[in-house]
Amino acid sequence: MACKLFFYLGVFLYMFASLPSLVHMYPVSYGQLDYNFYDRSCPQLLMMVRYGVWSAIRNDSRMAASLLRLHFHDCIVNGCDASVLLVDTPDFTGEQNAFPNRNSLRGYEVIDNIKADVERFCPSTVSCADILTLAAREAVVLAGGPFWPVALGRRDSKKASQQAANQQIPSPFEPLENITAKFTSKGLDLNDVVVLSGAHTIGFAQCFTFKRRLFNFQGSGKPDPQLDPSLLSDLQTTCPNQETSNSNLAPLDAESTFRFDNTYYSNLVKNSGLLESDQALTGDPRTAATVDYYSANQYAFSNDFSASMVKLGNVGVLTGKNGQIRKKCGFVN
Ligand code: HEM
Ligand SMILES: *[C@@H]1O[C@H](CO)[C@@H](O)[C@H](O)[C@H]1NC(C)=O
Ligand SMILES: *[C@@H]1O[C@H](CO)[C@@H](O)[C@H](O)[C@H]1NC(C)=O
């Protein structure tokens, strides 16, 4: 009870704090983007995003995770251009029904609602790509994670590609080598893979994304020998060996499912990573040491996660005539 009270008090103070000291800690611009981009044209922006994310999480605590992932799936496919928000129509096929997204990505309506608010105050001014980038940051903060500055001025794409989404989003079934290649092709590096995978400290995965570890690992007829026995038996209960369990949910971090902390890494050290791609980070000497380091050092993880999120948020951004400010995030103007 008291805990909940402090949570709301904290959120309240956070929502109305203007963070003046932070403004001066960071340079005015980052690449083509600018920290003060909407200061004049939409001073209410941050408050509206904050409120929209806060009320969505209050209704559904998983939403923090879902918004963070939505931003990742936007940025990793042809850049942070809100392409992932475009809905399929009879004559348009976008990214939402690509394999990694279909029946999996969540939070579109949260961004649509924030956008509708923002349009009321600042019509045709703020891009959906910027709203999504800010929403991901707010979500992490509200889940107890770090704050990082978000430079603004992204524009929205006029197209989207289902094929690109299928090719560019990493799969939990591919080796670290392949996942790393997908990151490096976007200007991210191996350390960003380790750090950003720490996002799996919140949220859930469907059974089909890890079930082969539970019953018939690599054709052995047995579970993945590396998987911690107690977690294995919990997961076998959540995900019985039948097709019908495919969409059941297991927490990515069973220790603190809704809390953005470094227990993702201590889980990995204890062979309690959920996805094969998570646990693989302890199997490569180049990444295992970093996993150990973050498992013991929450502060270092927070700092490095912030830095990597800034990098992710700047992948392939559109400015000027290459993009537009959509009126509705689901549709090109
Ligand atoms: C490194 C390669 C990555 C792989 C292979 C991967 C794979 C996955 C998979 C399979 C799921 C479960 C989806 C489902 O069951 O419907 C998931 C969930 C999630 N992913 Fe990743 N992911 C990766 C990186 C990232 C990154 C970089 C972020 C964010 C910075 C992220 C954030 C999340 C979050 C927060 C969830 C939970 C979403 C929810 O509960 O709605 N992931 N990921
Ligand atoms: C609240 O969350 C549930 C899912 O948990 C969702 O179906 C519903 O639409 C949400 N309501 C609002 C007002 O966001
Ligand atoms: C990994 O990448 C290689 C080279 O691009 C490819 O041949 C292989 O099929 C990929 N492996 C998986 C499991 O996706």
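Visitor: In which helix does A181 lie?
Guide: A181 lies in helix 8; helices (H or I, at least four residues) and strands (E, at least two) are DSSP runs, numbered from the N terminus. This is a predicted model, in which local features need pLDDT of at least 70 and side-chain atom pairs count only at pLDDT 80 or more, while totals for chains, interfaces and linings use all residues. Residues are numbered from 1 along each chain as its sequence is written, chains are lettered from A and ligands numbered from 1 in the order in which they are written, and side-chain values use heavy atoms, leaving out hydrogens and water.

Visitor: Why is A181 called partly exposed?
Guide: Buried means under 20% relative accessible area, exposed over 50%, and partly exposed in between (1.4 Å probe, protein chains only). The relative accessibility of A181 is 44%, so A181 counts as partly exposed. From A181 to N333 the C-alpha separation is 34 Å, and the two are 152 residues apart in sequence.

Visitor: What makes H200 a donor to the iron atom of ligand 1?
Guide: Donors are N, O and S atoms within 2.8 Å of the metal (3.2 Å for Na, K and Ca); water is not among the atoms, so sites may look incomplete. The NE2 atom of H200 is 2.1 Å from the iron and is the single donor from the protein. H200 itself belongs to the loop between helix 9 (190-197) and strand 3 (204-206).

Visitor: How do you know that C42 and C122 form a disulfide?
Guide: A disulfide is a pair of cysteine sulfur atoms within 2.5 Å. For C42 and C122 the S to S distance is 2.0 Å, and the pair therefore qualifies. The torsion about their S-S bond is about 60°, so this disulfide is right-handed. C42 sits in the loop between strand 2 (33-34) and helix 3 (45-59), and C122 in the loop between helix 5 (108-121) and helix 6 (128-142), so the bond ties together parts 80 residues apart in sequence. Both cysteines are buried.

Visitor: What makes the disulfide of C128 and C329 left-handed?
Guide: The torsion about the S-S bond of C128 and C329 is about -95°, so the disulfide is left-handed. It links distant parts of the chain, with C128 in helix 6 and C329 in the segment after helix 14, 201 residues apart. Their sulfur atoms are separated by 2.1 Å. C128 counts as buried at 0% relative accessibility, and C329 does so at 2%.

Visitor: Why is the disulfide of C75 and C80 called right-handed?
Guide: About the S-S bond of C75 and C80 the torsion is about 115°, so the disulfide is right-handed. Their sulfur atoms are 2.1 Å apart, and both residues are buried. A search of the whole structure finds four disulfides. Counting bonded cysteines along the chain, the pattern is 1-4, 2-3, 5-8, 6-7.

Visitor: How do you know that the span of helix 13 is close to the expected one?
Guide: The expected span is 1.5 Å times one less than the number of residues. Helix 13 (residues 285-296) has twelve residues and reaches 17 Å from its first C-alpha to its last, against an expected 16 Å.

Visitor: What makes T287, T290, V291 and Y294 lie on the same side of helix 13?
Guide: These four residues of helix 13 are buried. They cover an arc of only 105° around the axis, which puts them on the same side of the helix; the arc is that of the directions from the helix axis to the C-beta atoms. The face turned away from the buried side carries the exposed residues P285 and A296. Among the elements covering the buried residues are helix 8 (176-184) and helix 11 (263-269).

Visitor: Why is N262 called buried?
Guide: N262 has a relative accessible area of 11%, and is therefore buried. N262 is placed in the loop between strand 4 (249-251) and helix 11. Leaving aside neighbours within four places in sequence, its contacts (heavy atoms within 4.5 Å) include Y294, A296 and F301.

Visitor: What makes helix 6 mostly covered?
Guide: Of the 15 residues of helix 6, 15 are buried. Helix 6 is followed by G144, whose phi is positive, near 95°.
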